[in-house]
Structures are given as structure tokens and as C-alpha cells.
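Here are a few notes to help you find your way around this one. Keep the model open while you read, and take the points in order.

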Amino acid sequence: MTQVNGRPINRIVILTGAGVSAESGLATFRDSDGLWEKHDPMEIATPEAFERDPALVYRFYNARRNQLQDVEPNEAHRSFARLQSQFSGDVFLVTQNVDDLHERGGSEQVCHMHGQLNSMLCVACSQAQPVPGDYDGTTYCPACGVAGKLRPDIVWFGEIPYQMDTIVSMLRNCDLFIAAGTSGVVYPAAGFVQEALAAGAQTIEINREVSEVTGYFHQQRCGVASREVTALVEELLAD
Ligand code: BV8
């Protein structure tokens, strides 16, 4: 029986952030060379920003999606996928990341609470669809045929993250909560550790440095995700 701090572990919830994709070469949000260095989040990741300057927002998300073709999953993605496939209990992976590296690293279950770069949403018919290539305010929706109503399928500031009911239910029933590569700045994701604590779960944070919520974790494993995630997964699978 897998144990952490002497407690049996059957149900694991993992939350990842941009730090898990950093070693694959994708910029994080708030590190010194982060995405937001070049753009003010309030200029890009809000419905108001899209209303104000849709061309800028289309360019920003088209560029980030195209970058996915130049990067590969790293050992952190592959190790989490190994845990999901080999762990004897349940593992639920929720990510704030909008890239596809968890899937390409082998994860079959991924909850993208902030949406995905490879998906676009038609505000005319509310259908989400795979992105065929760069799109903008003139692109026709493949489902309803209406032009100019497609937006990135991304949860912006002020919008409600996807699958919150499922996520909260998983947090309230888990024995172990692992947060990897997230600064703990953005809510409600930053509050997940408190939900897990309230459920009596053990909590482990993996980060290259102290985050905004490190104090809520029983264990803080300081180091790069590719190394620390791999080590933790080996421990969890060894028991
Ligand atoms: C909402 C779009 C209402 C996608 C993003 C209190 C409660 C609830 C809401 C709020 C609240 N206070 C304020 C709010 C509002 C707001 C918010 O949190 N604002 C912040 C700035 C204060 N939240 C919202 O608006 C959310 N919606 O609250 O709706 C609601 C909620 C629930 C139920 C009902 C109603 C919507 C938030 C989503 C916004 N969308 N982006 C995109 O463009 O990509 S946020 C953006 O930040 C990304 O999604 C990203 O995932 C997210 C978090 O960033 P991180 O992933 O943590 O990345 P970051 O760069 O910050 O940190 C990287 C970390 O990795 C660092 O710690 C670094 O040290 C580490 N690292 C780096 N390299 C490595 C590493 N670690 C290990 N190894 C490495 N190699």
C-alpha cells in the first residue's frame, strides 16, 4: 500500500501549471522571460481585451498554438502519465496549461480547466472544435457556418474555469494532492490545496522556488519538474 507521511494513498489529484512545460521550452507566465513580460494579461487574457482588439488576441493565441509544433513533452509529462497508467489507485490530472504536452506525454485523462490552444469556440453555436490552422475574425465556423464568431477556447480572467464541479469533487475525496510548476497566483486553482487539506489529504508541492501557497503544503520539493516529478512518481509506484 502506497503511503505518504504514514497515510495510505488511494486517490491522487495532480494540478500542473506552466512550470511543468517550461523545460519543454514553453514560456511561463510570470517568470522573468514569461509571456506576460511582453503582454499585460489584462491586455490579452480577458473578454474585454478580445472585444477591444480581437486581432491582437488572435495573433497571440495563433502564435502560441503554432509554437506547440516546435516543442516536445518532457520527463515531467511522461512521469505523470506513467503514474496515471501504473498506479493501483485513482489519479486525476487537472492542468492550468493550455498546451497539449500532457496528452503527447502519454496522459489519457487531462482536465484542461483553463481551456486549450488546439480548440476554438464559436460564440454563435457554442460548439468547441479543433483548430484547423490560424484563424481570425473572418473564419467560418465549421459547425454552423457563421463567420467571425470564433474565439480561442481559453478561460480568460473573469471567466469560470471548466469542470469546476468535477475538480472540487475530486479534491474533496483525495488522499494526496500534488501541485507542480504553478505559482499559486491564479484562483480558483491556487485554492485547490486548501480544499485538499480540508479533505484530510497529504499535500506535496513541486516547484523550482517558493510559490504564493507553499505554506499550505506538507512537503515542498524544490527543483525542476522533470527531476522532482520523476522522483516522486518512482516513490509512489515503488510502494
Ligand atoms: C474566476 C488563460 C470566478 C490561459 C489564464 C479569488 C477567488 C476566485 C477568483 C479570483 C480570486 N481573486 C482573483 C480572482 C480572479 C482571477 C485571479 O485569480 N486573478 C489573479 C491574477 C489574482 N481568476 C479568474 O478570473 C479565474 N476565473 O475566478 O471565475 C469563478 C471561479 C470559480 C467558480 C465560480 C466563479 C480565471 C483564471 C484563468 C485565467 N486564465 N490564462 C492562457 O492564456 O494560457 S491565467 C494563466 O495563469 C494561465 O492559465 C496559467 O496557467 C495560470 C497560472 O499560472 P501558472 O501556471 O502558475 O504559471 P506562472 O508563470 O504563474 O508560474 C510558473 C511556476 O512554475 C512558477 O512558480 C515557477 O517558479 C515554476 N517553474 C518554472 N519553471 C519550472 C518551475 N517549476 C518547476 N520546474 C521548472 N522547470
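**Notes on the sheet, the cysteines and the cavity**

1. Start with one pair of residues: T16 sits opposite A180 in strand 9. Bear in mind that this is a predicted model. The two strands to look at here are strand 3 (residues 11-16) and strand 9 (residues 176-180), which run parallel and are joined by 5 bridges.

2. Two helices are worth finding next. Helix 6 (residues 75-86) packs on the sheet and touches strand 3, strand 4 (90-95) and strand 9. The direction of helix 6 makes about 160° with that of strand 3. Helix 8 (residues 164-171) packs on the sheet as well, touching strand 3, strand 4, strand 5 and strand 9. For helix 8, the angle to the direction of strand 4 is about 135°.

3. Now zoom out to the whole sheet. In general, strands of a sheet pair through backbone hydrogen bonds, either parallel or antiparallel. Here 6 strands make an open sheet with parallel pairing, and the order is 5-4-3-9-10-11. Strand 5 (111-112) and strand 11 (219-222) are the edge strands, each pairing on one side only.

4. There's an antiparallel pair to look at too: strand 6 (residues 115-122) and strand 8 are joined by 4 bridges. Within this pair, M120 faces P152 in strand 8. Why is strand 8 described as largely enclosed by the rest of the structure? Because 5 of the 5 residues of strand 8 (residues 150-154) are buried.

5. On to the cysteines. How many disulfides does a search of the whole structure find? The count is 0. C125 is in no disulfide, and its nearest cysteine sulfur, that of C122, lies 3.7 Å away; a disulfide would need the two sulfurs within 2.5 Å. C144 is likewise in no disulfide, with the sulfur of C141 as the nearest one at 3.7 Å.

6. Are these two buried or exposed? C125 has 25% relative accessibility, so it counts as partly exposed. C144 is partly exposed too, at a relative accessible area of 33%.

7. Last, look inside. The count is 1 cavity of 30 Å³ or more, and the largest cavity holds about 50 Å³ of space. Residues lining the largest cavity include L15, F177, A179, F192, V193 and F217. Strand 9 and helix 9 (192-198) each supply at least two residues of that lining, so you can come back to strand 9 from point 1 and pick up the cavity from there.

Notes:
Residues are numbered from 1 along each chain as its sequence is written. This is a predicted model: local features need pLDDT of at least 70, side-chain atom pairs count only at pLDDT 80 or more; totals for chains, interfaces and linings use all residues. Side-chain values use heavy atoms; hydrogens and water are left out. Buried means under 20% relative accessible area, exposed over 50%, partly exposed in between (1.4 Å probe, protein chains only). Two strands pair if DSSP finds at least two bridges between them. Contact means heavy atoms within 4.5 Å. Axes are lines fitted to C-alpha atoms, for helices over the stretch in contact, and angles run from 0 to 180 degrees between N-to-C directions. On a 1 Å grid over the protein atoms alone, a cavity is a set of points where a 1.4 Å probe fits but cannot get out, and a pocket is an open set with protein on both sides within 12 Å along at least five of seven lines; lining residues have an atom within 4 Å of a point. Grid points are joined across faces, edges and corners, and a volume is the space filled by probe spheres set on the points.
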